[in-house]
Amino acid sequence: MATETSTWQHLAKAKLAAINGSIPEKWQLSSIPSIAEQQDVTGPFICKFLSTEEIEITETDAVDIVEKTSLGIWTAEEVTTAFCHRASLAHQLTNCLHETFFEAAIEDAKQLDAYYAQHKAPIGPLHGLPISLKDQFHVKGVETTMGYTGWINTFEGKKGTGKEKVFESEMVKELRSLGAVLYCKTAVPHSLMAGETVNNIIGYTTNPKNRNLTCGGSSGGEGALIALKGSPVGFGTDIGGSIRIPAAFNGLFGLRPSAGRMPYEGMANSMDGQNSVLSVVGPLSHSVASLRLMVKSLLSQQPWLHDPLCNELPWRQDQETQTLDLISSSKLSFGILKHDGAVTPHPPVQRALDMVVDTLQKLGHEVIEWHPPSHKRGFDIITSSWTYDGGTDIHNALGLSGEPMVSQISGMYRKRREEASASKISANNIAKREYQKEYMEYWNSTARSTSTGRPVDAIIAPLAPFAAARPDRYKYYGYSNIYNTLDYTSCVIPVTNVDKKVDMVNKSFKPVSEQDRDIQEDYDPELYHGAHVAVQLVGRRLQEEKVLALSEYVGGAIAESKDTRSSHL
């Protein structure tokens, strides 16, 4: 029989108390407003608790922060302290943190300042930049629970190894070498297999722009923290949308690189060893420039020398230059996916797609309808890969403490299934390869439909059928996970916000299925009002340089178009 000190409830309660107790008393809020009292806790609301200097620092883009710390205008210590404070506020408002190590971070920042004082130069391209990490990254001296109560006081569920005291993920080592300051790890759903962030330790992580909605998942803590500017830039992972979903739901840019472009070595994971569709790591931030800074900086560390699955692909400046030349001297062509044949996007998502098309066409670019091979086939391939082990890994992790499974993953993992045979796994891998080939040739064939004589330069598509999901209502992942099946590079671009006066319920809507009807009925203009709305820009495999350049261009054009419309009102 389990003792009081060994029950999952006791473990979770003690861990939550430790997380909340790690916030310095001077930064603790005297009261937390209810959702009804304060739906939106971004911007002016959170800034009420910060000094003028802290606001200036934390409202500054990552690229500009590095410029100031590299010139000695700001110290790493003052920058780090400001973000530790704002991250503390963000957590109290949304439940977005799993671990804080503020004292260690400030000590690291002091060492960076001492180096700068001695050498009059930064230690690297990320000198003094605070970076947040999803709670899959191992940081020495810091626990990794990944949302499992059974992982508390262990190393990935294993007791007595002492590994957590010394082990670090490969990317963590590289970020330190580049001069970054690491200070917190962010919330995830246990198992990582959900578009919402909830676990039995911290509860539910809410969307700071509209706390009636989810912040997304599985990198949801990153999305909420960065949206509240408690971090200038952070890293998440993505096996079915887990970088792009939080980016979209929180009004951020988020990059899903192709597998093997960024180092993943040494990170915790679910179902480790499933190699049909790999999880990838990528950045989230308020600007494409910040995403580019992260990718270029990490690739400068030659991660392929330490990660056997990382491709030897340095930053290809020529590809970025070619894309910029194309933008400035030629017409671009985009494919537009408005409906994937399974689920209809909500009215604000449809409006966001129309806004992007309108903006691109006014700039003289071409947009053609995208009618690719069946997305359902790609969806079935990836979801099959998620159950190769019959749910054994997830059930074993939950079984360590006896904690219950959160409802968000129970649809797929409630019951253990029969493990897939080698033959079934091989058949699924063949189906994936054939599907990738067919999709590739369809993309090539669009050269016959464009006026440029080239295949489309990128695809514009929804990231999800909704601006953000309602709690426990993320029921369809087809718009995000299709590009994991294809291993395409994708970047989320913020577009607009839900406007209840504009984004009315479509009374003439005709569903293509019961699932389509169910998801459309979740839309409520009053409830969704103010929520962020985004799209994703998709390039071919390993086209990170091109996708970032196009995303910066398209994102900038949308922002400029909105500014122009506002000035005319």
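These questions and answers walk through a predicted model.

User: In what order do the eleven strands of the open sheet stand?
Analyst: The sheet is open and its pairing is mixed. From one strand to the next, the twist averages 30 degrees. The order is β1-β3-β2-β6-β8-β7-β12-β13-β11-β9-β10.

User: Which strands stand at the edges of the sheet?
Analyst: An edge strand here has a single partner strand, so one side of it is left without a neighbour in the sheet. Two strands fit that description, at residues 97–100 and 366–369. They are β1 and β10.

User: Is strand β2 enclosed or open to the outside, and how many of its residues are buried?
Analyst: β2 covers residues 130–134. One side carries P130, S132 and K134, the other I131 and L133, and both faces are covered. The strand is therefore largely enclosed by the rest of the structure, and its buried residues number five of the five.

User: Which residue of β3 is the bridge partner of P130?
Analyst: Strands of a sheet pair through backbone hydrogen bonds, either parallel or antiparallel. β2 and β3 (residues 181–186) take the parallel sense, over four bridges. In β3, the partner of P130 is V181.

User: In which sense do β7 and β12 pair, and which residue of β12 is the bridge partner of R256?
Analyst: β7 spans residues 253–256 and β12 spans residues 490–497. Three bridges join them in the antiparallel sense. The partner of R256 in β12 is S490.

User: Is R316 buried or exposed?
Analyst: R316 sits in the loop between α10 (288–299) and α11 (317–329). Its relative accessible area is 17%. The cut-off for buried is under 20%, so R316 is buried.

User: Which residue joins its side chain to that of R316 in a polar contact?
Analyst: Leaving aside neighbours within four places in sequence, R316 is in contact with R261, L542, Q543, E544 and E545. With L542, a polar atom of the R316 side chain lies 2.4 Å from the backbone oxygen. The contact between side chains spans 2.8 Å, and the partner is E545.

User: Which element gives the most to the lining of the largest cavity?
Analyst: The count is one cavity of 30 Å³ or more, and the largest cavity holds about 40 Å³ of space. Its lining includes A248, F249, H532, V533 and A534. α9 (244–249) and β13 (532–538) each supply at least two of the lining residues. With three residues, the element that gives the most is β13.

Definitions and conventions. Residues are numbered from 1 along each chain as its sequence is written. This is a predicted model: local features need pLDDT of at least 70, side-chain atom pairs count only at pLDDT 80 or more; totals for chains, interfaces and linings use all residues. Side-chain values use heavy atoms; hydrogens and water are left out. Two strands pair if DSSP finds at least two bridges between them. Axes are lines fitted to C-alpha atoms, for helices over the stretch in contact, and angles run from 0 to 180 degrees between N-to-C directions. Buried means under 20% relative accessible area, exposed over 50%, partly exposed in between (1.4 Å probe, protein chains only). A polar contact is a pair of N or O atoms within 3.5 Å; within protein, one must be able to donate a hydrogen and the other to accept it, and residues adjacent in sequence count only if both atoms are side-chain atoms. Contact means heavy atoms within 4.5 Å. On a 1 Å grid over the protein atoms alone, a cavity is a set of points where a 1.4 Å probe fits but cannot get out, and a pocket is an open set with protein on both sides within 12 Å along at least five of seven lines; lining residues have an atom within 4 Å of a point. Grid points are joined across faces, edges and corners, and a volume is the space filled by probe spheres set on the points.
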